Amino acid sequence: MGRRPVTISHPKLFSHVLDLQNLSGLPGIDHVDDVFIALGTTIKVAGSQAAFRAVDFAAVLALARAGKAAGASKLGVVSAMGANAASAVFYNRVKGEMEQALAQLGYRALVIARPSMLAGDRDALDQAPRPAEKLGQLAMALFKPLIPANYRTIAATRVAQALLAAVRSTEQGTCVLLSGEMQMVR
């Protein structure tokens, strides 16, 4: 399920485009084993804190509940570095609250990826340009040896690979993947 149709095809892949403003219309799912959620926005793109929370908390939770109802026993989710339900920073607080809510759903295994700044092809995803982000990525590339691994920019593909590997190998409990750990996954 996603905001846009996928560009790949496979006999076992079914794509459902969701309207994040109307999550009551989730398509029926017969059965799934594992759920992966990489859904998120920014407050600027969302337009308000309430709209941000609707995506990064409510929509993530709705998708996780739908997966659980369809029989999934493992959940992998992309959160954020600094996620903390007690944070004074709204973004980090919402991410922390989302993590806490997911932990209460009763998945046998929950894997939470907490990346630092994500690098990827935003143009291919039809996302608005982020000049400050590009500048930050350039600075991080120049000073990479001086920056601790948990704070370095990380490719979205690296996060996906690490999340997939961790969900496959985690049989029970909660596993939190920090950005530095994900940098090492090959």
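A salt bridge is a side-chain nitrogen of Lys or Arg within 4 Å of a carboxyl oxygen of Asp or Glu. By this rule the count comes to five salt bridges in the structure, which is a predicted model.

**Exercise 1. Determine which residues form the salt-bridge network that includes E171, and state where each partner lies.**

Solution.
- Step 1. E171 forms a salt bridge with K74, with the closest N and O atoms 3.4 Å apart. The two belong to distant parts of the chain, 97 residues apart: E171 is in the loop between α5 (156-169) and β6, and K74 is in strand β2.
- Step 2. E171 also forms a salt bridge with R108, where the closest N and O atoms are 3.5 Å apart. E171 lies in the loop between α5 and β6 and R108 in the loop between α3 and β3, so this pair ties together parts that are 63 residues apart in sequence.
- Step 3. Both distances satisfy the 4 Å limit. K74, R108 and E171 are therefore linked in a network of salt bridges.
- Step 4. The burial classes follow from the limits of under 20% for buried and over 50% for exposed. K74 has 7% relative accessibility and counts as buried. E171, at 48%, counts as partly exposed, and R108, with a relative accessible area of 39%, is partly exposed.

**Exercise 2. Describe the salt bridge between E99 and R114, and decide whether its residues are buried or exposed.**

Solution.
- Step 1. The closest N and O atoms of E99 and R114 are 2.6 Å apart.
- Step 2. E99 lies in helix α3 and R114 in strand β3, so the pair ties together parts that are 15 residues apart in sequence.
- Step 3. E99 is buried, and R114 is buried as well.

**Exercise 3. Establish the strand order of the four-stranded sheet and identify which strands stand at its edges.**

Solution.
- Step 1. Along the sequence, the chain follows the pattern β-α-α-β-α-β-β-α-β-α-β-α, with six helices and six strands in total.
- Step 2. Four strands form an open sheet in the order β1-β2-β3-β6, with parallel pairing.
- Step 3. β1 (34-37) and β6 (173-178) each have a single partner strand, so one side of each is left without a neighbour in the sheet, and these two stand at the edges. On average, neighbouring strands of this sheet are turned by 10 degrees against each other, direction ignored.
- Step 4. Strand β2 (residues 74-78) and strand β3 (residues 109-114) run parallel and are joined by five bridges. Within this pair, G76 stands opposite V111 in β3. In general, strands of a sheet pair through backbone hydrogen bonds, either parallel or antiparallel.
- Step 5. Helix α2 (residues 49-69) lies across β1 and β2 and runs at about 170 degrees to β1.

**Exercise 4. Characterise the nonpolar cores, and state which element gives the most residues to the largest one.**

Solution.
- Step 1. The largest nonpolar core has 23 residues. Those with the most contacts inside it are I37, L39, V60, L75, V77 and L102.
- Step 2. β1, α2, β2, α3 (90-103) and β3 are the elements that give two or more residues to this core. Helix α2 gives the most, with eight residues.
- Step 3. Leaving aside residues up to four places away in sequence, V77 touches I37, V60, M98, L102, L110, V111, I112, A113 and L163.
- Step 4. A second, separate core has 11 residues, among them V78, A113, A162 and V167.

**Exercise 5. Locate V159 and list which residues it touches beyond its sequence neighbours.**

Solution.
- Step 1. V159 is found in helix α5.
- Step 2. At 3% relative accessibility, V159 counts as buried.
- Step 3. With residues up to four places away in sequence not counted, V159 touches V78, A113, P115, L118, I154 and M182.
- Step 4. For one of these, A113, the C-alpha atom is separated from that of V159 by 7.2 Å, although the two residues are 46 residues apart along the chain.

**Exercise 6. State how much of the chain is buried, and how many of its contacts join residues at least 24 apart.**

Solution.
- Step 1. Of the 186 residues of the chain, 34% count as buried.
- Step 2. Among contacts between residues at least 6 apart in sequence, 70% join residues at least 24 apart.
- Step 3. The chain exposes about 11000 Å², of which carbon and sulfur atoms supply 57%.

Definitions and conventions. Residues numbered from 1 in each chain as written. Predicted model: local features only at pLDDT ≥ 70, side-chain atom pairs only at ≥ 80, totals over all residues. Heavy atoms only, no water. Pairing = 2+ DSSP bridges. Axes fitted to C-alpha atoms, helices over the stretch in contact; angles between N-to-C directions. Contact = heavy atoms within 4.5 Å. Core = buried A, V, L, I, M, F, W, Y, C linked by side-chain atoms within 4.5 Å. Buried < 20%, exposed > 50% of the residue type's maximum accessible area, 1.4 Å probe, protein only. Areas by Shrake-Rupley, 256 points an atom, 1.4 Å probe, with all protein chains shown as cover.
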